[in-house]
Amino acid sequence: MDIRYLQSFVAVVELGSFREAAYVLNISQPALSRRIQKLEEILRVQLLDRTTRQVSLSTVGRNFFPRARHLVG
């Protein structure tokens with residue numbers, strides 16, 4: 001697994017926004033979305049609940065977030 005997937009996930013959660021996380025990570029929003037989708041595919045779970053206006057952690061995402069944050073430092 002690419003560490004950038006975990007960094008992207010942590011950034012989205014901490015910043016609460018794909019737009020803000022993409023800006024901080026210096027990548028495009030579509031690239032960030034692909035990273036999150038790839039992470040979810042690898043783990044075979046949905047980590048984030050998305051709507052057109054907001055993003056929030058799924059139940060699995062809430063459990064996974066502390067581990068991901070620890071791994072990326």
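This is a guided walk through the structure shown above, from its overall shape to single residues and then to a pocket. Keep in mind that the model is predicted.

Let us start with the whole chain. Its secondary structure comes to 4 helices and 2 strands. If you trace the chain from the N terminus, the elements follow one another in the order α-α-α-β-β-α. The radius of gyration is 11 Å, close to the 11 Å that the globule rule gives for 73 residues, so the chain is as compact as a globular protein of that length. You can also picture its extent along the principal axes, where the C-alpha trace spans about 25 × 25 × 20 Å.

What about inside and outside? Of the 73 residues, 36% count as buried. The accessible surface of the chain comes to about 4,900 Å², and carbon and sulfur atoms account for 47% of that surface. The contacts tell you something about how the chain meets itself. Among contacts with a separation of 6 or more, 50% are between residues 24 or more positions apart.

Now we can follow the chain and stop at some residues on the way. In helix H1, which covers residues 3-15, you will find glutamine 7. Glutamine 7 has a relative accessible area of 34%, so it is partly exposed, a class that lies between the 20% limit for buried and the 50% limit for exposed. Look across from there to arginine 69: it is 62 residues away from glutamine 7 along the chain, yet the C-alpha atoms of the two are separated by 7.9 Å.

Further along comes the loop between H2 and H3, the place of asparagine 26. Is this residue buried or exposed? Asparagine 26 counts as exposed because its relative accessibility is 70%, which is over the 50% cut-off. Its backbone deserves a look as well: phi of asparagine 26 is near 60°, a positive value in a residue other than glycine.

The next stop is helix H3, which holds glutamate 40. With a relative accessible area of 10%, glutamate 40 is buried, since buried means under 20%. Which residues does glutamate 40 touch, once its neighbours within four places in sequence are set aside? Its contacts are Val45, Gln46, Leu47, Leu48 and Arg50.

After H3 the chain enters the loop that leads to strand E1 (48-50), and arginine 44 lies in this loop. Like asparagine 26, whose phi is near 60°, arginine 44 has a positive phi near 60° without being a glycine. Arginine 44 counts as exposed, at 77% relative accessibility.

Between E1 and E2 there is another loop, and threonine 52 is found there. Threonine 52 is exposed, with a relative accessible area of 84%. The C-alpha atom of threonine 52 is separated by 16 Å from that of glutamine 37, a residue 15 positions away along the chain.

Strand E2 (55-57) is followed by a loop in which serine 58 lies, ahead of helix H4 (59-72). Serine 58 counts as buried because its relative accessibility is 7%. Leaving aside its neighbours within four places in sequence, serine 58 is in contact with Gln46, Leu47, Leu48 and Asp49. Three of these names may look familiar, because you met Gln46, Leu47 and Leu48 among the contacts of glutamate 40 too.

Helix H4 itself is the place of proline 66. At 48% relative accessibility, proline 66 counts as partly exposed. Its C-alpha atom and that of threonine 51 are separated by 23 Å, with their positions 15 residues apart along the chain.

To finish, let us look for empty space. Rolling a probe the size of a water molecule over the atoms shows where such space is left. The largest pocket has a volume of about 160 Å³. Which residues line the largest pocket? They are Gly16, Ser17, Phe18, Arg19, Gln29, Ser33, Arg50, Thr51, Thr52, Arg53, Gln54 and Val55. Helix H2 (18-25) and helix H3 (29-43) are the elements that give two or more residues to this lining. Sorted by class, the lining has 2 nonpolar, 7 polar and 3 charged residues. Threonine 52, the exposed residue from the loop between E1 and E2, is one of those that line the pocket.

Methods. Residues are numbered from 1 along each chain as its sequence is written. This is a predicted model: local features need pLDDT of at least 70, side-chain atom pairs count only at pLDDT 80 or more; totals for chains, interfaces and linings use all residues. Side-chain values use heavy atoms; hydrogens and water are left out. On a 1 Å grid over the protein atoms alone, a cavity is a set of points where a 1.4 Å probe fits but cannot get out, and a pocket is an open set with protein on both sides within 12 Å along at least five of seven lines; lining residues have an atom within 4 Å of a point. Grid points are joined across faces, edges and corners, and a volume is the space filled by probe spheres set on the points. Ala, Val, Leu, Ile, Met, Phe, Trp, Tyr, Cys and Pro count as nonpolar, Asp, Glu, Lys and Arg as charged, and the others, Gly among them, as polar. The radius of gyration is taken over C-alpha atoms; the globule rule is 2.2 Å times the number of residues to the power 0.38. Buried means under 20% relative accessible area, exposed over 50%, partly exposed in between (1.4 Å probe, protein chains only). Contact means heavy atoms within 4.5 Å. Accessible areas come from the Shrake-Rupley method with a 1.4 Å probe; for residues, only the protein chains shown count as cover.
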